[in-house]
Amino acid sequence: MRTVRLAVFADLHLGRRKAPGVQWAREALADVAADADVVIFTGDLLDKKKATKADLDDGIALFEFITGELGTPLVHVWGNHDVGSGMISRFPTLDNVYRPVGGGVEKLTVPGVPLVFHAVNVTQDPDPRETLADLPEVFEPGHVGVLHTEVEGQYTNNPCLPTTTEHLLSRGYSACLMGHVHSPVVLHEDPWVGWIGMGQVLEIDVPALP
Ligand SMILES: [Mn+2]
């Protein structure tokens, strides 16, 4: 079966002193980019309490590094910290960077990549909306969820697009890649459903669309 290789990272929290930082992200992604078809970032680029204009500029430069120097398209969503930072509106549209534009479930496709991404932005902090109930159910391989969510609240007290593992699995996706919880947690192995965690890069092969 044809597969697509994704390199996924999450919760960078630029500005937070103990976060891994933009240089970590550049080096970690450079190590895996040659084999990756798409880079995915699952939200919280900026820390809501600590991020400054310089961190915003670093985040923009990181995305340009991924699409430019590394030559890989980037799919991402905004997290609750990005909303809390107040700087999303200052983030430019960038070539080869794909993200939802509104607050609902959106389908994203990347030219030349045989996948459909079902992606949702966090739009408020906290974000108790039941939006993930609207994730479409599919009956073929090649669909991937890109989410910033808590899932049943076991791992965090911050309400953020609540859903359940059962609901995510019922959608039929080949993977659900999540941000918000800062430790790597795998809720389900195959298909993969989990949080990437801060300071981690997950390399995952997912089956392509038929
Ligand atoms: Mn976070």
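Arg-17 sits in the loop between S1 and H1. In this predicted model, Arg-17 has a relative accessibility of 77%, and because exposed means over 50%, Arg-17 counts as exposed. Together with Lys-18, Lys-49 and Lys-50, Arg-17 forms a positive surface patch.

**Manganese site**

The loop between strand S1 (3-9) and helix H1 (21-32) also holds Asp-11, one of the protein donors of the manganese ion. The other donor residues are His-13, Asp-44 and His-182. The two histidines contribute NE2 and the two aspartates OD, at 2.1 to 2.3 Å from the ion. Along the chain, the spacing of the donor residues is D-x1-H-x30-D-x137-H. Asp-11 and Asp-44 link distant parts of the chain, 33 residues apart, with Asp-44 placed in the loop between strand S2 (38-41) and helix H2 (53-67). Both Asp-11 and Asp-44 are buried.

**Salt bridges**

The whole structure contains 6 salt bridges. Three of the residue pairs are listed here with their N to O distances.

| Basic residue | Acidic residue | N to O distance |
|---|---|---|
| Arg-16 | Asp-47 | 2.8 Å |
| Lys-48 | Asp-125 | 2.7 Å |
| Lys-53 | Asp-57 | 3.0 Å |

The salt bridge of Asp-47 with Arg-16 connects the loop between S2 and H2, where Asp-47 lies, to the loop between S1 and H1, where Arg-16 lies, across 31 residues. Asp-47 counts as buried because its relative accessibility is 3%, against a limit of under 20%. Arg-16, at 30%, counts as partly exposed.

Lys-48 pairs with Asp-125. This pair also joins distant parts of the chain: Lys-48 is in the loop between S2 and H2, and Asp-125 is in the loop between strand S6 (116-119) and strand S7 (143-148), 77 residues apart. Lys-48 is partly exposed at 30% relative accessibility, and Asp-125 is partly exposed with a relative accessible area of 25%.

The salt bridge between Lys-53 and Asp-57 lies within one element, since both residues belong to helix H2, 4 residues apart, or about one turn of the helix. Lys-53 has 43% relative accessibility and counts as partly exposed; Asp-57, at 36%, is partly exposed as well.

Arg-5, Glu-203 and Asp-205 are connected in a network of salt bridges.

Key: Residues are numbered from 1 along each chain as its sequence is written. This is a predicted model: local features need pLDDT of at least 70, side-chain atom pairs count only at pLDDT 80 or more; totals for chains, interfaces and linings use all residues. Side-chain values use heavy atoms; hydrogens and water are left out. Donors are N, O and S atoms within 2.8 Å of the metal (3.2 Å for Na, K and Ca); water is not among the atoms, so sites may look incomplete. Helices (H or I, at least four residues) and strands (E, at least two) are DSSP runs, numbered from the N terminus. Buried means under 20% relative accessible area, exposed over 50%, partly exposed in between (1.4 Å probe, protein chains only). Patches are made of residues with over 30% relative accessible area and no salt bridge: like charges are joined within 9 Å, nonpolar side chains (Val, Leu, Ile, Met, Phe, Trp, Tyr) within 5 Å. Accessible areas come from the Shrake-Rupley method with a 1.4 Å probe; for residues, only the protein chains shown count as cover. A salt bridge is a side-chain nitrogen of Lys or Arg within 4 Å of a carboxyl oxygen of Asp or Glu. Lys and Arg count as positive and Asp and Glu as negative; His and the chain ends are not counted. The place of a charge is taken as NZ of Lys, CZ of Arg, CG of Asp or CD of Glu.
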